[in-house]
Amino acid sequence: MFSSLKVRISQGRQYIVDLRKASPAGFRGLPVIRATACEAGCTACLPVCPTGAIALDPVRIDLGRCTFCRECELACPVNKIGFTNGFKMASDTREGLVVREGAGEPSPVKVSQGLKQLFGRSLKLRSVSSGGCNGCELELNAASNVNFDMSRYGIDFVASPRHADAVVISGPLTKHMHEALERAWLGLPDPKFVISFGACAISGGLYADSPELDRGFLGRFTPSLYVPGCPPHPLTFIVGLMDLLGIQG
Amino acid sequence: MSALVVDPAEHTCRKEAFFERLRAQLSEGARLVGYYGRPADDSGQVVITAVLSANGKLSVLRTGLSRPHSHRALSAELPAFQIFERELHEQYGLRLHEHPWLKPVRSDAPYPFYSLKGKEVHEVAVGPIHAGVIEPGHFRFMCLGEVVHHLEIQLGYQHRGVEALLLKKDPRALGPLVETIAGDTSVAHAWAYCEALEALAGVTTSFEAQVSRAIGLELERIAMHLASLAGMATDIAFLQGGTTYGRLRTTAINSSMLACGSRFGRGWVRPGGAWAKLESGQQATLRANLKLLKDDLAIINPHLLGARSVQHRLKGIGRVTREQAIELGIVGVAARASGIEVDARADLPGPVHLRYGIRGVIENSGDCWARAVVRIREIDESLRWLEEVLDAFPTCSPDAARVGALKPDTLAVAVCEGWRGEVVHCLETDAAGGLRHYKVQDPSLRNWFALALSLRENEISDFPICNKSFDLSYCGNDL
């Protein structure tokens with residue numbers, strides 16, 4: 001009893017009061033592309049990017065592929081590319097993940113009136129890891145821990161697909177998980193939607209060139225939310241969902 | 001952390017001599033670290049490499065076998081070879097007589113499950129998708145009533161073709177990919193990769209860079225041990241343990257993020273050095289975080305271990321005996337919980353661990369309790385070690401050395417003690433200095449069978465706690 005109280009006192013208050021205002025110290029998140037002109041003919045950032053996330057003229061970074069590894073920042077001779085600790089990177093469209101020069105923060109996720117009406121007060125999620133390295137899976141678990149406490153907004157992970165409203169896919173979608181993913185999806189009752197979590201799920205990420213993948217599922221079902229990162233920060237996920245569902249917080 | 005670099009031709013012998021020497025060295029007390037194949041120049045051949053550890057030194061033995069080769073499986077008398085021979089059978093079609101169970105390691109080729117016959121027997125199939133947010137794998141329990149007679153584990157769902165992808169890029173640019181082989185032990189895999197690569201390039205990294213890597217490795221160990229303890233506490237409904245270890249893990253991974261930008265230590269270790277920055281400002285926060293961990297663990301640890309309910313749920317559950325652990329060649333936390341002193345930081349130390357030693361932790365009961373206690377004691381030791389090293393390095397932001405051309409026709413083997421156990425990377429170059437072969441070995445590969453053994457004669461309801469007490473990697477096995 002006494003030791004239980006000591007634990008309770010040491011625990012204190014852990015939850016982040018306003019997730020949208022959080023500022024994760026040191027986090028390598030949202031890249032910035034500065035106005036500095038590239039050296040003529042320079043392509044130093046292209047070959048060092050492990051996922052082909054960068055395009056030139058003008059410089060663009062596709063967060064759907066980016067692993068936030070910093071190779072481009074270090075390779076650039078004119079310091080054009082940098083990373084901030086911004087975590088608001090989720091998007092409701094694939095195109096919305098592309099960061100451009102001088103654009104500042106990407107446009108926030110648009111509230112989906114349809115999803116807000118259906119799931120704005122209660123959203124149950126089924127996670128399917130399909131080749132995920134446990135980075136994404138740990139961050140999805142962390143979304144429910146005492147710090148981020150996603151449940152306060154009525155958003156929870158559930159065990160059975162039958163109880164779920166959306167499937168959260170992590171990993172690059174392996175051939176060997178293809179059938180299990182299809183069957184889990186069939187188990188979700190309508191209405192339902194898909195969330196792509198992490199660079200692997202969004203684009204294949206570091207595994208895009210592997211012959212061991214079958215990404216057909218995402219060819220047939222377009223995600224309603226893309227959550228970039230390798231792995232994404234729990235804040236990117238929860239705030240993206242809150243924006244999508246019009247949750248004020 | 002230790003690396004061996006050799007001309008493999010000097011360690012190659014005919015198959016008769018190879019098997020003879022291998023058996024002799026093992027019977028003289030050498031420990032099997034790895035055993036793998038690679039394609040030979042002649043497509044009718046496969047090259048087999050055994051990696052051994054004895055008296056603080058790594059060594060390799062190699063031979064070539066014609067395909068399809070038939071010989072009596074080493075596993076028939078030396079069970080530690082079972083998973084390696086299954087892999088060789090799957091990848092190179094070796095015909096291994098008397099191997100008890102040539103179940104595929106990663107392929108989805110059909111292979112019959114064991115079945116149990118009798119009046120009161122039943123089977124329970126779980127997965128690949130499980131109830132929680134967790135990687136996929138299939139478990140088949142063969143039960144007599146509530147008691148598990150045998151657990152059969154079928155993996156491979158996470159197979160992404162890692163080893164093939166590792167050969168498609170510049171060998172010096174594999175950091176991001178290596179960090180996702182098993183993404184919860186990124187620092188250990190990245191360090192093993194860099195150590196082997198640097199050995200091939202003849203590059204010596206600065207002592208400061210090695211210190212930085214070792215700091216990242218211990219932060220990763222603390223964070224993931226806390227994650228395992230949080231999971232174990234949750235699995236037995238000891239909720240204060242779950243929430244407290246969970247938030248302390250946040251403190252640990254946010255410390256990694258402060259130094260390298262990632263909660264998973266991504267980008268901490270890179271060829272030639274380390275990118276993490278520990279200037280005085282970051283060190284002040286890091287030290288405050290470590291103090292908080294130390295203080296609050298001193299409150300939650302006795303609360304957990306002193307609770308009757310916890311003792312009742314962990315003691316005597318999921319036992320792996322010392323004899324079983326030695327026979328199977330299991331490694332890491334699971335081995336140390338069964339009384340085996342195996343820890344690469346102590347057995348195969350690099351310069352950092354030679355100067356700043358880590359005290360090994362051993363428990364003897366081999367059950368879920370022992371695996372929890374090993375983690376608790378290892379966190380304490382890592383905290384002590386970090387304090388010592390941070391005192392010696394008030395700043396630690398090393399420059400990276402340039403990694404140039406790789407020596408041709410050379411094999412480098414690196415072993416790094418990650419939080420689960422030894423991570424082994426074997427890189428071999430061809431005549432032009434390009435990568436000819438890359439073998440990755442996550443500790444999970446060898447330990448999954450120990451989980452199966454631990455379940456025998458336990459109740460099926462004890463499976464979640466047993467599974468969490470091992471906390472093995474699916475993708476690290478499936479590659």
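Buried means under 20% relative accessible area, exposed over 50%, and partly exposed in between. The exercises below use these classes on a predicted model.

**Exercise 1. Classify both partners of the salt bridge between B:Arg213 and B:Glu198, and place them in the chain.**

Step 1. The closest N and O atoms of B:Arg213 and B:Glu198 are 2.7 Å apart, and the cut-off for a salt bridge is 4 Å.

Step 2. B:Arg213 sits in helix H6 (residues 207–235) of chain B and B:Glu198 in helix H5 (residues 186–201) of chain B; with their positions 15 residues apart, the pair links distant parts of the chain.

Step 3. B:Arg213 has a relative accessible area of 0%, so it is buried. B:Glu198, at 3%, is therefore buried as well.

Step 4. Elsewhere, salt bridges with shared partners join B:Glu218, B:Arg221, B:Arg336, B:Asp343, B:Arg345, B:Glu378 and B:Glu417 into one network.

**Exercise 2. Work through the salt bridges A:Glu182 to A:Arg220 and B:Arg72 to B:Glu77, and state the exposure of each partner.**

Step 1. Over all chains, the structure holds 47 salt bridges. In the one between A:Glu182 and A:Arg220, the closest N and O atoms are 2.1 Å apart.

Step 2. This pair connects helix H6 (residues 178–187) of chain A, which holds A:Glu182, with helix H8 (residues 216–220) of chain A, which holds A:Arg220; the two are 38 residues apart.

Step 3. A:Glu182 has 16% relative accessibility and so counts as buried. A:Arg220 has a relative accessible area of 48%, so it is partly exposed.

Step 4. For B:Arg72 and B:Glu77, the closest N and O atoms are 2.7 Å apart. B:Arg72 is partly exposed because its relative accessible area is 39%; B:Glu77, at 40%, is also partly exposed.

**Exercise 3. Compare the expected and modelled spans of helices H14 and H15 of chain B, then state how far each is covered.**

Step 1. The expected span is 1.5 Å times one less than the number of residues.

Step 2. H14 (residues 368–392) of chain B has 25 residues, so it should span 36 Å; its end C-alpha atoms are 36 Å apart, which agrees.

Step 3. H15 (residues 444–455) of chain B has 12 residues, so 16 Å is expected; its end C-alpha atoms are 17 Å apart, which agrees.

Step 4. Both helices are mostly covered: in H14(B), 18 of 25 residues are buried, and in H15(B), 11 of 12. Among the buried residues of H15(B) are B:Arg446, B:Trp448 and B:Leu453.

Step 5. Just after H15(B), B:Glu457 has a positive phi of about 65°.

**Exercise 4. Assign an exposure class to B:Ser53, B:Ala109 and A:Ile9, and describe the setting of each.**

Step 1. B:Ser53 belongs to strand S3 (residues 45–54) of chain B. Its relative accessible area is 9%, so B:Ser53 is buried. Leaving out residues up to four places away in sequence, B:Ser53 touches B:Ala30, B:Arg31, B:Val33, B:Leu58 and B:Leu348.

Step 2. B:Ala109 is in the loop between strand S6 (95–97) and strand S7 (121–126) of chain B. At 41% relative accessibility, B:Ala109 is therefore partly exposed. C-alpha to C-alpha, B:Ala109 and B:Glu90 are 9.7 Å apart, with a sequence separation of 19 residues.

Step 3. A:Ile9 lies in helix H1 (residues 2–11) of chain A. Its relative accessible area is 67%, so A:Ile9 is exposed. A:Ile9 forms a nonpolar surface patch with A:Met1, A:Phe2 and A:Leu5, and together they have about 550 Å² of accessible area.

Key:
Residues are numbered from 1 along each chain as its sequence is written. Chains are lettered from A and ligands numbered from 1 in the order in which they are written. This is a predicted model: local features need pLDDT of at least 70, side-chain atom pairs count only at pLDDT 80 or more; totals for chains, interfaces and linings use all residues. Side-chain values use heavy atoms; hydrogens and water are left out. Patches are made of residues with over 30% relative accessible area and no salt bridge: like charges are joined within 9 Å, nonpolar side chains (Val, Leu, Ile, Met, Phe, Trp, Tyr) within 5 Å. Accessible areas come from the Shrake-Rupley method with a 1.4 Å probe; for residues, only the protein chains shown count as cover. A salt bridge is a side-chain nitrogen of Lys or Arg within 4 Å of a carboxyl oxygen of Asp or Glu. Helices (H or I, at least four residues) and strands (E, at least two) are DSSP runs, numbered from the N terminus. Buried means under 20% relative accessible area, exposed over 50%, partly exposed in between (1.4 Å probe, protein chains only). Contact means heavy atoms within 4.5 Å.
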